[in-house]
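The following note sets out points for a reader who is new to protein structure. Please keep the structure in view while reading.

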Amino acid sequence: MFMHEEESHIEKIEDYKVGQNEFILNWIGQTGYVIKTTEGTIVCIDPYYSNSIERYDGRPSRRMWYNKFIIENFHPDLVLCSHDHLDHTDPETLPLIYAFSDAKFYGPNSSYQHMKNMKMSDDRVKKLNLNNSYKYKDVEFKTVFANHTEDSMGFIFEINDITLYFTGDTSLDSKLYEYKNYNIDIMISCINGKYNNLNVSEAAELAERLEVKLVIPMHYGLVTDNTVNVNTFINLFKKENINHLVMDVEKNYYISKNENKILVDRKDYK
Ligand SMILES: [Zn+2]
Ligand SMILES: [Zn+2]
């Protein structure tokens, strides 16, 4: 069992089977997630594998921990970037994924321009427009407004019959309340409360407005000067009685829906 705890599920994510009505969700830190669908499509959002913020921004923003997986063993089909900040469109992470996989790279114009500067070939990059729908293999998603940078965005995925909202970086804005129309099941929300992002109580406010069934916190615990104690989140969400899931990094969580309830299975025995 101890050996298993030392293992990253990311490197071998291609080998993990995904059933008919489920998908794998794996958190790789900050706002980075990997999704694997029933058909085996692997999508990666905002991978941040390096120490770029400290290196380029000069802030006291060293990583508190490093990923376990070896990036050359990671082969996503699609990489989505939500905006052009260093921990979301990372000039050190993206070229590595590009080199070691056949992934396509999508992002809003600001991210797209960075990708072009990284000399990615035209057939592997795509500019995302706001309020558009996209389909890549069996993954469907919409790009939605996020109040953060000029062209930052969130993503609303439809996977099987589950609607998953990734807020991206955003502050609380009444425009976000309109997403109630999407009947969101799961909201992955920033909680750091700095640099124009939702704090813990704003994330709770948004979750309640959208009547989501499950909230997963992100954007904490990685960068020294831009984090929040996750216990603040846990305490408030318990008090407000909002269903939530604090994920361990680099672990596969199998997500499904049954009779309108979201089910989460670690399947750690595998
Ligand atoms: Zn940002
Ligand atoms: Zn950020």
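How many helices and strands does the protein chain have?

1. Overall content. The model discussed here is predicted. Its protein chain has six helices and 14 strands. The C-alpha trace spans about 45 × 40 × 35 Å along the principal axes. For 270 residues, a compact globule would have a radius of gyration near 18 Å, and the 17 Å of the protein chain agrees with this.

2. The eight-stranded sheet. An open sheet of eight strands follows the order E6-E5-E4-E3-E2-E1-E13-E14, with mixed pairing. Strand E6 (125-127) and strand E14 (261-265) are at its edges; each has a single partner strand, so one side of each lacks a neighbour in the sheet. From one strand to the next, the twist averages 25 degrees.

3. An edge of that sheet in detail. Strand E5 (residues 104-107) and E6 run parallel and are joined by three bridges. Within this pair, tyrosine 106 stands opposite lysine 126 in E6. Helix H4 (residues 109-117) packs on the sheet, where it touches E5 and E6, and its direction makes about 155 degrees with that of E6.

4. The six-stranded sheet. A second group of strands, also an open sheet with mixed pairing, has six members in the order E7-E8-E9-E10-E11-E12. Its edges are strand E7 (133-136) and strand E12 (214-218), each with a single partner strand, so that one side of each is left without a neighbour in the sheet. Neighbouring strands here are turned against each other by 20 degrees on average, direction ignored.

5. The hairpin at E7. In general, strands of a sheet pair through backbone hydrogen bonds, in either a parallel or an antiparallel sense. Which sense applies to E7 and strand E8 (residues 139-145)? These two strands pair in the antiparallel sense, over four bridges. Tyrosine 136 has valine 139 in E8 as its bridge partner, and lysine 135 stands opposite glutamate 140 in E8. E7 and E8 form a hairpin with two residues between them, and lysine 137 in the turn has a positive phi of about 50 degrees.

6. Helix H5 and the sheet. H5 lies across strand E11 (186-190) and E12. Relative to E11, the helix H5 runs at about 160 degrees.

7. Helix H5 and helix H6. Two packed helices are described by the angle between their axes and the distance between the axes. What are these values for helix H5 (residues 200-210) and helix H6 (residues 230-239)? The axes come within 9 Å and cross at roughly 40 degrees. This angle makes H5 oblique to H6. The crossing of the two helices, H5 and H6, is right-handed.

8. Residues at the helix contact. On the H5 side, Val200, Ser201 and Ala204 take part; they meet Thr232, Phe233, Leu236 and Phe237 in H6. The residues of this contact comprise five nonpolar, two polar and no charged.

Methods: Residues numbered from 1 in each chain as written. Chains lettered and ligands numbered in written order. Predicted model: local features only at pLDDT ≥ 70, side-chain atom pairs only at ≥ 80, totals over all residues. Axes fitted to C-alpha atoms, helices over the stretch in contact; angles between N-to-C directions. Parallel < 35°, antiparallel > 145°, perpendicular 65-115°, else oblique. Left-handed = near helix turned anticlockwise from the far one by under 90°. Contact = placed C-beta atoms within 7 Å. Nonpolar A, V, L, I, M, F, W, Y, C, P; charged D, E, K, R; others polar. Pairing = 2+ DSSP bridges. Rg over C-alpha atoms; globule rule 2.2 N^0.38 Å.
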